[in-house]
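Biologist: I should like a close look at a single part of the model shown below. Please treat it in one connected account.

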Amino acid sequence: MRVDSRVMKREVSVARARMIGAMVAGVLLMAGCGMVTVVSEEAPSDYALCVEKREAGGVSPELAALDCAEMAERAGNELV
């Protein structure tokens, strides 16, 4: 038994719908709509907060780091 390919007629609208669907999916992926965003909500350490506050007060970053490191050692906290 032979199958004649001329007998099977392809639907133009189905092919067009598939092409448009593939294009829309590609555009959405390129725009980042298929991406998963991960947000980390870790609290900053006391050392980091200390350094930020000292720098905001006008102290140089190096001095702020040294002062906060000394205070953290006295308190027994780990530097993170």
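With which residue does D67 form a salt bridge, and how far apart are the closest N and O atoms?

Modeller: This is a predicted model, in which local features need pLDDT of at least 70 and side-chain atom pairs count only at pLDDT 80 or more, while totals for chains, interfaces and linings use all residues. Residues are numbered from 1 along each chain as its sequence is written, and side-chain values use heavy atoms, with hydrogens and water left out.

The partner of D67 is R54, and their closest N and O atoms are 3.2 Å apart. A salt bridge here is a side-chain nitrogen of Lys or Arg within 4 Å of a carboxyl oxygen of Asp or Glu. Because D67 lies in helix α3 and R54 in helix α2, the pair ties together parts that are 13 residues apart in sequence. A search of the whole structure finds one salt bridge. Both partners are partly exposed: D67 has a relative accessible area of 28%, and R54 one of 27%. On this scale, buried means under 20% relative accessible area, exposed over 50%, and partly exposed in between, with a 1.4 Å probe and protein chains only.

The setting of the pair is helical, since the chain has three helices and zero strands. Helices (H or I, at least four residues) and strands (E, at least two) are DSSP runs numbered from the N terminus. Helices α2 (46–56) and α3 (61–75) also meet in the largest nonpolar core, to which each supplies at least two residues. That core has six residues, namely Y47, C50, V51, A64, C68 and A69. Such a core is a set of buried Ala, Val, Leu, Ile, Met, Phe, Trp, Tyr and Cys residues joined through side-chain atoms within 4.5 Å.

Within α3, the buried residues are A64, C68, A69 and A72. Seen down the helix axis, they fall within an arc of 130°, so they line one face of α3; the arc is that of the directions from the axis to the C-beta atoms. E62, L66, E73 and R74 are exposed on the other side of α3. The end C-alpha atoms of α3 are 21 Å apart, which agrees with the 21 Å that its 15 residues should span at 1.5 Å a residue. The expected span is 1.5 Å times one less than the number of residues. Over the whole chain, buried residues make up 10% of the 80 residues.
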